[in-house]
Amino acid sequence: MISTFDLLVLSQVPQLGARRLRAIVSHFGGTAAIFGVSAKEIAAVEGFSRRLASLIVHFMRGPAMEPARIYAGAQLSRLNKADGNIVSFWDERYPEPLKSIYDPPPFLFACGEYAPPDRFAVAIVGTRLPSAYGISVAEDFSAALARRGITVVSGLARGIDTIAHRTALKSGGRTLAVIGSGLDVVYPPENRDLFRRITGRGLVLSEYGMGSKPDAVNFPRRKRTSPP
């Protein structure tokens, strides 16, 4: 069994990054068993040395676990207030194509619903200061895709991204936004209403925890999360 609370706790264990988190959960067939295993058992997981296994066990059985649990509880509380949910790597709702990329996120924060047609989504992204021609082309492409039942993906940023989302919705289609901040930190702030509209007819995804600021380093990395 995969517990979202446990996943959030495990995400706070030092040196247990995305790859190792996927490996250890898959190895033990769930999250609950991990907290009771020995260092020897963890060392048997691919990618884990004896030293790392010992550090992990020491962390899980020491005082540092309480802050990790508090963090997990706070994350779930904020997520609930945002009417969101967590989709784990082992969840059938997790976008299948995303599993094939290098080092996929072990879990995603989501507002809205992932639908099968999103597997064939097309991304439309561009400058934050588009020309009149750029706006026209973005609108034409977004509308044409939406009318044919193809989901439009973008990043909720100013400029072309905003135009792509708005046009897809206006044309009666679905749209997905992959953002570089927490689901409760809408950026840019003027897109709050657009965010709400997207979650009503599509999906907003983020691999960043609740409360995460839209730091510049987040935006290039988020591109890997765009389905398909």
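This passage looks at helix α6 and its neighbours in a predicted model.

Helix α6 runs over residues 132-147, which makes 16 residues in total. From its first C-alpha to its last it reaches 23 Å, close to the 22 Å expected at 1.5 Å a residue. Five residues of α6 are tucked away as buried: Ala-138, Ser-142, Ala-143, Leu-145 and Ala-146. Looking down the axis of α6, these buried residues fall within an arc of 165°, so they line one face of the helix. That kind of pattern fits a simple rule: an α-helix has 3.6 residues a turn, so residues three or four places apart point the same way. On the face of α6 turned away from the buried side sit the exposed residues Ala-132, Tyr-133, Asp-140, Phe-141 and Arg-147.

What do the buried residues of α6 pack against? Their partners are two strands, β3 (122-123) and β4 (152-154), plus helix α7 (160-170).

The pairing with α7 can be described further. Two packed helices are described by the angle between their axes and the distance between the axes. For α6 and α7, the axes come within 8 Å and cross at roughly 35°, and the crossing is right-handed. On the α6 side, the contact involves Gly-134, Ile-135, Ala-138, Glu-139, Ser-142, Ala-143 and Ala-146; these meet Ile-160, Ile-163, Ala-164, Thr-167 and Ala-168 in α7. Sorted by class, this contact has eight nonpolar, three polar and one charged residues. Ala-138, Ser-142, Ala-143 and Ala-146 thus appear both among the buried residues of α6 and in its contact with α7.

Just after α6 ends, Gly-149 takes a positive phi of about 80°.

Methods:
Residues numbered from 1 in each chain as written. Predicted model: local features only at pLDDT ≥ 70, side-chain atom pairs only at ≥ 80, totals over all residues. Heavy atoms only, no water. Helix = DSSP H or I, 4+ residues; strand = E, 2+ residues; numbered from the N terminus. Expected span 1.5 Å × (residues − 1). Buried < 20%, exposed > 50% of the residue type's maximum accessible area, 1.4 Å probe, protein only. Arc of directions from axis to C-beta. Contact = heavy atoms within 4.5 Å. Axes fitted to C-alpha atoms, helices over the stretch in contact; angles between N-to-C directions. Left-handed = near helix turned anticlockwise from the far one by under 90°. Nonpolar A, V, L, I, M, F, W, Y, C, P; charged D, E, K, R; others polar.
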